[in-house]
Amino acid sequence: MGSSIDGLASGLNTTSIIDSLMSVEALPQTQLKTKLGSDQTMISTLQSFNTKLAAMRDLATGDSAANALNLFTATTTSPSLSATVTTSATAGSIDVTVTQLAQTQVDVTAAMTSWPTDGSGAPAHLTLVDSTGKQTEITPASTSLDDVVAAINAASGPARAVKVPAGNGTYRLQLTAATSGSAGAFSVYQGTAAQVSAGTATDLMADPSAAVVKAAQDAKATLYAGTPAAQTITSGTNTFTELLPGVSVTASVVTAGPVTVNIASDSAGITKKAGDLVNAVNDVLGFVSMYSAVNTTSGTNGVTASTGGIFTGNSSVRAVNDDVFSAMSMPVNGKSPFEYGINVTKDGNFTFDAAKLQSSLASDPAGTQAALQAIASRVSDAANNATDPFSGSVTGLIKGQQSEVADLGSQISDWDQRLAARRATLQGVYTNMEVLLGGLQSQSSWLTGQIASLPKSSTGA
């Protein structure tokens, strides 16, 4: 704000007069700011709506994926075995006898103070040979055991090394297979790969004070034990994958006899997924309802006024709401979702009857799962139509509002400059007025003084 000389000559509060005039001048900008605030509120609300739609979309898309509702539980008759299942499993059972657990090979060398040289003073080479016969030749940087350990680990061969104190200033090298089971078996030699091939390298485990602490070993289990169909299965770990299609079993100990693994349909898991989808749909529909509600208020004068919500009259939002509602409520193969526990309420949302769905799963598991997936697929499509980053209806609304906000911001900025120029003009006008009035008042005072100083005439008798 520029300088002013309030009322020096006129006695008027010119700053207050200018402020009043400027409030009138600023009315168009005030309206723009009001519109800007309304648009920003709309953007925030639409973004929240889009977030809820996206959450519903992700849930529905997951439920509609192939075999997504093909859920099972796995139990065993002994805590020595645990089982996991995937959606590719089928209901059934199998007896498993675990006869051997997997082991990871561990070797320790004889105690030493430093790594030997090759005769020329340079540190001797090491060569590791894996279960396939592949050789990994290692050249330590020095005879320091720390350098030997670092070189073995940097080579990414079949074993990893660590230095272990052996007393009296000596150490052993402990070598542990990088892979468990028989596939991780390895041999370690002092010498080059060529010497290993020629049979002239030294097997470090041949030293009387070296040892294979644990031999590489696969886990073994027998199916159909005691019958002509008995068969042995092996695993490099203690987990037997795909024991049955989609079923993996992990052993913690060798079993004394057969352990039964039972696979059953997980109706509780399917029911939870269906209930979660109903809740997600209700969350979306409830959000639209809340921001579309019309509020009625009564003034002190008794006049009733109605105020619409931010979504009231928004046809695009209403269309999304209707699409989601239809996707959830339309029949599937001639059957109402009511048959699967999904009920429409008079308020335009849904309730879920878990007991009814479980009854349907018990009588027709495949048909019920297919129907639930069809409903989930429709909900997913409706949500995608609204949230797609390029063509989504709600996404389009957000982008349109954001563009309008940017334009309003530019207009408001232009008005800031226009109003600043107008205020400067008014201040100049009123300042000049005060200066002119001050000059006139000075002239008036001078004239008054001149008149007072004139000689007064007198009349004789």
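**Exercise 1.** In this predicted model, determine whether Lys-272 is buried or exposed, and describe its salt bridge with Asp-276.

*Solution.* Begin with the accessibility of Lys-272: its relative accessible area is 54%. Since exposed means over 50%, Lys-272 counts as exposed. Next, consider the partner: Asp-276 has a relative accessible area of 28% and is partly exposed. The closest N and O atoms of this salt bridge are 2.8 Å apart. Finally, place the pair: Lys-272 and Asp-276 both belong to helix α5, four residues apart, about one turn of the helix.

**Exercise 2.** Establish which helices are linked by the salt bridge between Lys-273 and Asp-63.

*Solution.* The side chains of Lys-273 and Asp-63 meet at 3.7 Å, N to O. Lys-273 lies in helix α5 (residues 267-292) and Asp-63 in helix α2, so the pair, 210 residues apart, links distant parts of the chain. As for accessibility, Lys-273 is partly exposed at 29%, whereas Asp-63, at 4%, is buried.

**Exercise 3.** Identify the edge strands of the open sheet formed by four strands.

*Solution.* First, write the strand order, which is β7-β8-β4-β11 with antiparallel pairing. Strands β7 (159-167) and β11 (211-214) each have a single partner strand, so they stand at the edges and one side of each lacks a neighbour in the sheet. The twist from one strand to the next averages 25°. Then examine β7 and β8 (residues 170-177), which pair over eight bridges; Val-164 has Arg-172 in β8 as its bridge partner. Lastly, helix α3 (residues 145-154) lies across β7 and β8, at about 160° to β7.

Key
Residues are numbered from 1 along each chain as its sequence is written. This is a predicted model: local features need pLDDT of at least 70, side-chain atom pairs count only at pLDDT 80 or more; totals for chains, interfaces and linings use all residues. Side-chain values use heavy atoms; hydrogens and water are left out. Two strands pair if DSSP finds at least two bridges between them. Helices (H or I, at least four residues) and strands (E, at least two) are DSSP runs, numbered from the N terminus. Axes are lines fitted to C-alpha atoms, for helices over the stretch in contact, and angles run from 0 to 180 degrees between N-to-C directions. Contact means heavy atoms within 4.5 Å. A salt bridge is a side-chain nitrogen of Lys or Arg within 4 Å of a carboxyl oxygen of Asp or Glu. Buried means under 20% relative accessible area, exposed over 50%, partly exposed in between (1.4 Å probe, protein chains only).
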